[in-house]
Protein chains: 2
Amino acid sequence: MYTVKVKLNKRSYNIIIGNNIMGLLGKYLKRLSIGNYAYVITNSSVKNKYGRILDKGLKDYGFQVKFRLTPDTEKSKSIEMSATLIKDIAHFDKKKRIFIIAFGGGVIGDLAGFVASIYKRGVNYIQIPTTLLAQVDSSIGGKTAVDLTVGKNLVGAFYQPRLVFSDINFLKTLDLRQTKSGIAEVIKYALINDSSLFNYLGKHYKDILSKKGPNLEFIVRRCSLIKAKIVSQDEREEKGIRTILNFGHTIGHAIEAAGDFKRYTHGEAVAVGMLVASDISMSLGLINSKTLQSIEKIIKSFGLPTKIKKSYLVDIIEAHFYDKKFIGPKNRFVLIEDIGKTKILENIPLRIVKEALIKRAVT
Amino acid sequence: MYTVKVKLNKRSYNIIIGNNIMGLLGKYLKRLSIGNYAYVITNSSVKNKYGRILDKGLKDYGFQVKFRLTPDTEKSKSIEMSATLIKDIAHFDKKKRIFIIAFGGGVIGDLAGFVASIYKRGVNYIQIPTTLLAQVDSSIGGKTAVDLTVGKNLVGAFYQPRLVFSDINFLKTLDLRQTKSGIAEVIKYALINDSSLFNYLGKHYKDILSKKGPNLEFIVRRCSLIKAKIVSQDEREEKGIRTILNFGHTIGHAIEAAGDFKRYTHGEAVAVGMLVASDISMSLGLINSKTLQSIEKIIKSFGLPTKIKKSYLVDIIEAHFYDKKFIGPKNRFVLIEDIGKTKILENIPLRIVKEALIKRAVT
């Protein structure tokens, strides 16, 4: 077992990482004294696989448990679903002291975290991420959100969990596409902050994809450390530090939106988004073609896409204007100068963005 | 004109208080550089009376203005209305840089502030309070919220405005009942923090109610100072300091809920709530009957109620368990030891609470 601390003064919390550790969850929760009634937001597939393990882990330590299922799609990240959950929680909450558990992947984590942030102006919540994407990225750092039709994550809050509990055991049942989707974020961490992780991924990609050995635990630890470090320095993305975590995401979000959040997983969209950002970086002379090729090689070796459907181009350019990271009409891109080193630039000429996109389009 | 500073480090802001000052609003907004597009959340009665003054005040300084009307009742403080507004804002926001103006009383301020807090994880907003209640209390301090059926203000956020702009001129058109509703909060400030304000109110109540002379401006300044001081010390109500602002509100909220938020104004409910809290204070030997009588006298002199309908008692005791200020099953009351001095006590025996309520009930 391994503990990573997210240092945020009064809002500090631990990320616990290990294999088959659900039996210890109750012990950690007891220490936080956050109440006795766990309101677990999850979906049916996670509950069917791991609901009993969580239930036992909590009840063994005297917690009461209520499971609340939400649909297993991005569609459940809505204001309407948030309202439904909050009304349900308020009915249960009489004379109880509830805390919320987000038990699932990124969608569940974002939704449950948002609900926790606005119910009673903020109640305690715990992240128990069950996907690689959620363990390495979305469960850490307190960015919670739901979507609007015009754009993803447009409604939300910065609201930190009291604990992140990452059990590697959950990753065993992930299908290949979900695993790859998480890997895209792992590649992101390597590209923005950790060239040795980049080399590690290049060497071990086969074992990682087949989930052999302790590779996944190593990856979750390494990425959790990077994310914790960045979030500690710039919790609310005000200092241009946390911003680097958006590498590949400006275009990535637009790709997801163009595909109506169905055609591409988040990781697939981010993979192409990172390549577009790398293409732009090369256009601006920040990296050379050799570096670009090594990035492309890693993404290919994990079976992630390097191209998008040409017919989406117009939608992507359109959607990218709705991105909430924009400052007024100016665009802003996280680019790279080297493996492990970023550079943020504003006002990239639309021509250069378009060229990079066209390069990544196939009919 | 008078400026009160709410000191909260990076989230500090000014409260500007004066008579007929809307012509200066644009100047203050320019200094904040918060964008050019004002999305004004208001209701039709405020817009009809003062919409043109605001519109001119903004356009004279080059701002674009969009008015968005909400129903003029507590009912508009809902998650559903928040969702409607956010979707509307998101459609306007493309390529613009909007900020939100809450233009109205407490309901508008709470709703618009909540919308601002969760749209894009927080956008700039300004409070322009048009009622006495909003100017002395709800526009200051960043408590934003909407209601659920089971309880008031159960969904919300702590989210500070960038400016509060209190024009006393707006108070001239307030009807007597609205004025009195604000006065109840003024009496609260006197009771919890300012015995000289208490004496002032006792001396000038006739002029205050008839809005003669500079009394209202004095009151708004004095209360803004007290609230700013308290909020600066305990922004998120974590240190037991801000808690004293809830004097009279534990029972007050329950009274409002029992009357379905229609029978009593917020101030009327708080008036009786303060008396119940004072009764409990006397039962526990914190104050003597002379002090209680002087409190009762002030409340009566402003024509605020000192009793509630007996048939509401059961509902009030019931509703009081839903109060979000409760810690688990324990109750917690802000009581007083003297005019201007509070004491917070937990676990007041239900018998004493009931006795105090019964004393305040009439058939």
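Of the 363 residues of chain A, 52% count as buried. I begin with that figure, and I should say at once that the model is predicted. The radius of gyration of chain A is 20 Å, close to the 21 Å that the globule rule gives for 363 residues, so chain A is as compact as a globular protein of that length. Taken along the principal axes, the C-alpha atoms of chain A fill a box of roughly 60 × 40 × 40 Å. As for secondary structure, chain A has 13 helices and 13 strands. Turning to contacts between residues at least 6 apart in the sequence of chain A, 76% of them join residues at least 24 apart.

Let me now turn to the domains. How is chain A divided? The domain assignment gives domain 1, covering 2-173, and domain 2, covering 176-210 + 237-362. Over C-alpha atoms, the centres of domain 1 and domain 2 of chain A are separated by 28 Å. The contact between them takes 11 residues from domain 1 of chain A and 15 residues from domain 2 of chain A.

Which elements make up the domain 1 side of this contact in chain A? Both α5 (132-138) and β8 (151-158) of chain A supply at least two residues each to the side of domain 1 that touches domain 2. The largest share of that side, 4 residues, comes from α5(A). Sorted by class, the side of domain 1 of chain A that touches domain 2 has 5 nonpolar, 3 polar and 3 charged residues.

Next, the sheet. In chain A, an open sheet of 7 strands follows the order β1-β2-β9-β6-β5-β3-β4, and its pairing is mixed. Which strands form the edges? They are β1 (2-6) and β4 (64-69) of chain A, each of which pairs on one side only. On average, neighbouring strands of this sheet are turned by 20° against each other, direction ignored.

At one end of that order, β1(A) pairs with β2 (residues 13-18) of chain A in the antiparallel sense, over 5 bridges. Within this pair, Lys5(A) has Asn14(A) in β2(A) as its bridge partner. As general background, strands of a sheet pair through backbone hydrogen bonds, either parallel or antiparallel.

Two helices of chain A deserve mention alongside these strands. Helix α4 (residues 106-118) of chain A packs on the sheet and touches β3 (37-42), β5 (98-104) and β6 (125-129) of chain A. The direction of α4(A) makes about 165° with that of β5(A). Helix α8 (residues 215-233) of chain A lies across β1, β2 and β9 (163-167) of chain A, and runs at about 15° to β1(A).

I come now to a hairpin in chain A. Strands β7(A) and β8(A) form a hairpin with 2 residues between them. They run antiparallel and are joined by 5 bridges. Within the pair, Leu148(A) stands opposite Gly151(A) in β8(A). Is β7 of chain A enclosed or open? In strand β7 (residues 143-148) of chain A, 6 of the 6 residues are buried, so the strand is largely enclosed by the rest of the structure. Its partner, β8(A), has already appeared as one of the elements of domain 1 that supply residues to the side touching domain 2 of chain A.

Let us move to chain B. Here 7 strands form an open sheet with mixed pairing, in the order β1-β2-β9-β6-β5-β3-β4. The edge strands of this sheet are β1 (2-6) and β4 (64-69) of chain B, each pairing on one side only. Neighbouring strands are turned by 20° against each other on average, direction ignored. Inside the sheet, β6(B) and strand β9 (residues 163-167) of chain B run parallel and are joined by 2 bridges. In this pairing, Ile126(B) stands opposite Leu163(B) in β9(B).

I close with two loop residues of chain B. Most residues other than glycine have a negative phi. Arg121(B), which is not a glycine, has a positive phi of about 60°. Arg121(B) is found in the loop between α4 (106-118) and β6 (125-129) of chain B. Asn347(B), also not a glycine, has a positive phi of about 60°. Asn347(B) lies in the loop between β12 (341-346) and α13 (350-359) of chain B.

Is Arg121(B) buried or exposed? Because 21 other C-beta atoms lie within 10 Å, Arg121(B) is buried. Asn347(B), by contrast, is exposed, with 11 other C-beta atoms within 10 Å.

Terms used:
Residues numbered from 1 in each chain as written. Chains lettered and ligands numbered in written order. Predicted model: local features only at pLDDT ≥ 70, side-chain atom pairs only at ≥ 80, totals over all residues. Domains from an automatic or database assignment. Contact = placed C-beta atoms within 7 Å. Nonpolar A, V, L, I, M, F, W, Y, C, P; charged D, E, K, R; others polar. Rg over C-alpha atoms; globule rule 2.2 N^0.38 Å. Buried ≥ 20, exposed ≤ 12 C-beta atoms within 10 Å, placed from the backbone. Pairing = 2+ DSSP bridges. Axes fitted to C-alpha atoms, helices over the stretch in contact; angles between N-to-C directions.
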